[in-house]
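Work through the exercises below with the model open beside you. Try each task before you read its solution.

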Amino acid sequence: MGFDDNDNDAKQDDSPKLSDPKKPEDDASSGLTRKMSETSICATEEEDDEEGRKIELGPQYTLKELNEKDKDDESLRRWKEQLLGDVDFEAVGETLEPDVKIVSLAIKSAERPDIVLPVPESGNPKGLWFTLKEGSRYSLLFTFQVSNNIVSGLKYTNTVWKTGVKVDSTKEMIGTFSPQPEPYDHEMQEETTPSGIFARGSYSARSRFVDDDNKCYLEINYTFDIRKDWKEEQPA
C-alpha cells in the first residue's frame, strides 16, 4: 500500500523524543537517552540503506526511573508532564522494553465502506488480503496500543513488488507515545492507486512497524490485487 510518489518520503513528527541526535552529549548529561534493544530486531531494506548513519543510544530507563530523574530541572519536568500525561506508574511496573500491539488496520475510501483487515498472529495472511480499485483515492488507518514504556520513533514501512520487481517503497513516521489504556489512532495521507492495463494485477508486499531501536512489533507479508472495481467481499 502506498503508490503516491508525493507520499513516499517519511513524514516528520512533532512529538517529543527521548534523545536529540544532534546533541548526544546533552542527552548523556540529562540521563534521558536509551540503548539499542537486544530483542525483536528486524532489519528493513530502508534501514539497511541507513546502517552507516545509525545513532548509538544511551542507557534506557523504566518510566518510574525517568519520572524520578532531574526533578529540579523545570524544563525537563514540563517535558515529562507533556509526554507522560496521566500515566499510571504503578500499572506500568519496572519494564524497560515498550510493547506495541497493532489492534486493527483499515482501508478508508469515500467510494465504499471501510475495509477492516484482520491482523494475523503469524503476520502472513492466507491468500489474497484485499483488492483495491484502480484510480481510487484511499487512506490507511492504524489503531495500536502502547504499554510498559515509552515507544520512541514508531514508524510504518511498506514495500510493494509486482512480478518480483519492486514498484513502491513507503516510510511514514507515526511518532513517540507513552503507555495508556486507550488505543491510539493514526491515519496516513490519502493516496491514489495506479490505473491502466499495466497497473492491474496481483502484487506482493511487506509492511513493518518498527521503532528508533529498530525493534519490530509487527511484520506482515501479504498479497493484494488492483482491479477495475472493488471486490464485493472484502475481509471483515
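Buried means under 20% relative accessible area, exposed means over 50%, and partly exposed lies in between (1.4 Å probe, protein chains only). This is a predicted model: local features need pLDDT of at least 70, side-chain atom pairs count only at pLDDT 80 or more, and totals for chains, interfaces and linings use all residues. Residues are numbered from 1 along each chain as its sequence is written, and side-chain values use heavy atoms, with hydrogens and water left out.

**Exercise 1. Take stock of the whole protein.**

Task: State how many helices and strands the protein has, and what share of its residues is buried.

Solution.
- Step 1. Start with the secondary structure. Helices (H or I, at least four residues) and strands (E, at least two) are DSSP runs, numbered from the N terminus. The protein has five helices and ten strands.
- Step 2. Turn to burial. Of the 236 residues, 47% are buried.
- Step 3. Look at the surface. Accessible areas come from the Shrake-Rupley method with a 1.4 Å probe; for residues, only the protein chains shown count as cover. About 12500 Å² is exposed, and carbon and sulfur atoms supply 47% of that area.
- Step 4. Check the contacts (heavy atoms within 4.5 Å). Take those between residues at least 6 apart in sequence: 77% of them join residues at least 24 apart.

**Exercise 2. Map the largest nonpolar core.**

Task: Find which residues touch the most other members of the largest nonpolar core, and which strand gives the largest share.

Solution.
- Step 1. Define the core. A nonpolar core is a set of buried Ala, Val, Leu, Ile, Met, Phe, Trp, Tyr and Cys residues joined through side-chain atoms within 4.5 Å.
- Step 2. Find the best-connected members. The largest core has 33 residues, and F142, F144 and F224 touch the most other members.
- Step 3. List the suppliers. Strands that each give at least two residues include strand 1 (99–109), strand 4 (137–147), strand 5 (151–162) and strand 10 (216–227).
- Step 4. Pick the main supplier. Strand 10 gives the largest share of this core, six residues.

**Exercise 3. Classify two aromatic pairs.**

Task: Decide whether W129 with Y222 is stacked or tilted, then do likewise for Y203 with F224.

Solution.
- Step 1. Set the rule. Rings of Phe, Tyr and Trp (its six-membered ring) pair if their centres lie within 6.5 Å; planes under 30 degrees apart count as stacked, over 60 as edge-to-face and the rest as tilted. The structure holds twelve aromatic pairs.
- Step 2. Apply the rule to W129 and Y222. Their ring centres are 4.9 Å apart and their planes stand at 55°, so the pair is tilted. W129 is in strand 3 and Y222 in strand 10, 93 residues apart. Both W129 and Y222 are buried.
- Step 3. Apply the rule to Y203 and F224. The centres lie 5.2 Å apart with 10° between the planes, and this pair is stacked. Y203 sits in strand 9 and F224 in strand 10, so the pair ties together parts 21 residues apart in sequence. Both Y203 and F224 are buried.
- Step 4. Join the rings. Ring pairs link W129, F130, Y203, Y222 and F224 into a cluster.

**Exercise 4. Trace a salt-bridge network.**

Task: Identify which residues are joined with E219 into one network.

Solution.
- Step 1. Set the rule. A salt bridge is a side-chain nitrogen of Lys or Arg within 4 Å of a carboxyl oxygen of Asp or Glu. The whole structure has eight salt bridges.
- Step 2. Take R206. Its side chain meets E219 in a salt bridge at 3.9 Å, N to O. R206 lies in strand 9 and E219 in strand 10, so the bridge ties together parts 13 residues apart in sequence.
- Step 3. Take R208. Its side chain meets E219 in a salt bridge at 2.7 Å, N to O. R208 also lies in strand 9, so this pair ties together parts eleven residues apart in sequence.
- Step 4. Check burial. R208 has 11% relative accessibility, so R208 counts as buried. R206, at 23%, is partly exposed. E219, at 27%, is partly exposed.
- Step 5. Combine. Shared partners join R206, R208 and E219 into one network.
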